[in-house]
Amino acid sequence: MSPASSASSESDSSPVPAPADTQGTLPHGHAEGRAHFQAQLRELEEHALGGLDLIVEQLDRVLEALHHQDVELAQMVIADDDRVDGRYLEVHQGILSLLALQAPVAGDLRLVAALLHTIKHIERMGDQCVNIAKMIPLSGHEPPVHEELLEALAKMGAFARSEVVQCKAAFAGRDVGLAEDLVRQDREINRLNRDIFRLAIEIGDDPDTREWAMHMTLVARALERIGDNAVDIGEQVAFVVTGLFREFSDSSRPYGAIPD
Amino acid sequence: MSAPSGSSDLLGRFAVSPARRRKDSLARGSILAATLIALVPLVLIIYYLLLKGLGSWSSSFFTTDPTGNTFFKSSSIGGIKSAILGTVEIVALASVIAVPIGIGVAVWLVEYGRDSWFAHTVRFFVDVLTGVPSIVFGLFIYIVLIVGTGSTYAGYKGAFALTLLMLPVVIRSAEVVLLLVPGALRESALALGAPRWRVIFSIVLPTALPGMVTGVLLAIARAAGETAPLLFTAGATLKTSFGLGSFMNSLPVQIYSDVTSPTASVEHRAWGAALTLVVMILILNLIARVVARRSRLA
Amino acid sequence: MTSPRPTTNVADADPEARSELESSSESTPRLVPPPAPASVPDSERGALESKRGVSVRLEQLRAFYGAAEQVKGLDLEFRPNEVTAIIGPSGCGKSTMVRCINRMHEEIPGARAEGRVMLDDLDVYDSSVDVVAVRRAIGMVFQKPNPFPTMSVFDNVASGLRLTSQRGGDLRGKVEAALRSAGLWGEVSDRLDEPGAGLSGGQQQRLCIARSLAVDPEVILMDEPCSALDPIATLKIEELIAELKRRVTIVIVTHNMQQAARVADRTAFMLDGKLVEVGPTQEIFTNPNDSRTEEYVTGKFG
């Protein structure tokens, strides 16, 4: 029979996240309504999140290109950004279509809105990979090797990759805890970014080396931006689940400033 | 039906089979035959009425009383004035009593009684009464108002007998029409804040009016043609009497007494009177139709 | 025939006649004393300036058809001058509940209601209250437009006044004001004497709304008012509702969630005779609290 509780709740107080389980589901037991629409929504989400897989690929390749100064690999990364852009357009079109034709509401509406933001962040991530790839030919054929700086970059790359993978897992699993954890990794990336900047300043007088170091700070900046975009996707996860949008950490605050 | 090509297969599915056609013609033919058979007596009656009755019509036919003279050919036999007037008066009195009461009962049945056991009982008895032979009503009044009181025939007693005859018919037809009024109308009127009696008078009855008028007129037409109840209640007389407390002539009774007369002219008068009665009923029917057409239920 | 006096509010159409009405022993007494008429200049639409509305509060309302309980202990408030939509699957009791508010439920043989329905501070089910007065203060518009078929447009609108014995005063003025409020005046002013049933479906429904407005109710209940109408007529009525709420409190039952989303300030979701959730419409449709509400509005449950 119908669920025992006849709880009537007011929506004015602070919201409780809707449980993702089947308790309190409506008792009629026939097949889920709007199966076609639900299938379309799932497909759209998979397509959008698949963009994150593309980003991981791009990131892996561009980091390797960076490590081995592989100009050809860098060119491939630049060319393949078309796939990311294409996916953005497809998802965008899919979202418009769902909004117009299916009039989603409540959780479905929040998901669609979140996907719109998320695919934008994914597209930005792709652009950042391209930015990194563009730095590689400029570094010259025999760039100076500064171990510490390169190590820091490699670490940043690893963190960025880990954030991308984690934000995808958080979205797919609607896991707010996992999403909030992204902030921790992002702080590491920011710290490394500041370190690299410092290292670049102290790198010495050689003009070639200095030029190379400048480019590496730009690479670091691009990796840091990728991390920020991953955190933004995490914020979307929280929005889908709780219905509230809030910033996990405010990137407009200056470096090292103590939050008040 | 077994053609291999696509289009003729389609045609095969949609074509009417010869067996179907035959059945169709047979059915149509039988129904038409039944209709014609039913029409034959109707046409014959009208034909004979006109043939035998029209001849008697004249101005004196309508303006003079029957004289009771049936033997002597030289004297006039008179017309049917008292019969016409008697019918009109008796039927009018009966209607004036039966119609308000009948409509009132129907309103109670539909609006208040509805599904109660009492309403069901009332309906049952009304149905029974519609089937009771008209002579029984006449006998009832005879026993109660004539034998029982030791008095004699009177016009109003005939009217009472007709009232009893008309009541079930009026109730039945009024109930049917009232039930046809959509419940949504009553709901809207109630929702506006009208008391129930107001809803009935201002909304339900006006909406049901055309149908009820038709029903009432038909009941009147039927009552006008009944002979048996009047035989032992209103009695028969020749003179025109306006007072309902005395013997009163009526068309059916006049016809009854004339038709068995050996005198040919008297028999003719019967036909003329019958034609008159039919024409009166026809006029009532026409009025009913006109009223029904004027304000229909939307 | 005198030309209709330009009137603003039904309330101040003719203050003297109005006070005559109040004291006339024939007319059904007003349930809630009318507010002082506001002095507002004439406008195109006439009688649409705001009027302080009344709140309706259901307290432990239960409704029965014989032994079967259709509404099971409902507590719900309808705020003044707001539109509240009631949504829920077929058979959840929303129409029954609404019919208890103006005590139409008890007109069905064997039906009864328990609990309280408060119109501001007055319990509509109190034994001393006249049912007829309740229905004058709480108007109702039904699913299928049903103008009285034997009456003209004018008579239809005036019927509420005539049926409740409020004949005094400027009848023509009140009819015009009601028709203006229903957004119908422009379309029928030249055919007031034609039969009401000759209008199109959307116009008929607005005629029924005008009929309800003519008796100056405090609350209007609407039971799926647009489900028999085409989309354009529906939109016109939705716009009308948005304007009417300035004068009356509106409760609308609808199975069309998009309509509830468009038209209502607050939305209540009912299931199996009980209230599941109520809140601002925007919240119900973007972030409902109860998972059953979520499932219903997203269509996972029919």
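1. Domain bounds here come from an automatic or database domain assignment, and on that basis chain B of this predicted model is divided into domain 1, covering 6–56, and domain 2, covering 81–294. Taken over C-alpha atoms, the centres of domain 1 of chain B and domain 2 of chain B are separated by 36 Å.

2. Between these two domains of chain B there is nevertheless direct contact, with seven residues of domain 1 meeting seven residues of domain 2. On the side of domain 1 of chain B that touches domain 2 of chain B, the residues divide into three nonpolar, three polar and one charged.

3. Turning to the pairing of chains, 24 residues of chain C are in contact with 21 residues of chain B. The elements of chain C that give two or more residues to the side touching chain B are α3 (131–137), β6 (138–141), α4 (153–163) and α7 (201–214), and the largest share of that side, four residues, comes from α3(C).

4. As for the chemical character of the side of chain C that touches chain B, a count by class gives 11 nonpolar, eight polar and five charged residues.

5. Chain C as a whole contains 11 helices and 10 strands, and of its 302 residues 54% are buried. When the contacts in chain C between residues at least 6 apart in sequence are considered, 73% of them join residues that are at least 24 apart.

How values were computed:
Residues are numbered from 1 along each chain as its sequence is written. Chains are lettered from A and ligands numbered from 1 in the order in which they are written. This is a predicted model: local features need pLDDT of at least 70, side-chain atom pairs count only at pLDDT 80 or more; totals for chains, interfaces and linings use all residues. Ala, Val, Leu, Ile, Met, Phe, Trp, Tyr, Cys and Pro count as nonpolar, Asp, Glu, Lys and Arg as charged, and the others, Gly among them, as polar. A residue is buried if 20 or more other C-beta atoms lie within 10 Å of its own, exposed if 12 or fewer, and partly exposed in between; C-beta atoms are placed from the backbone.
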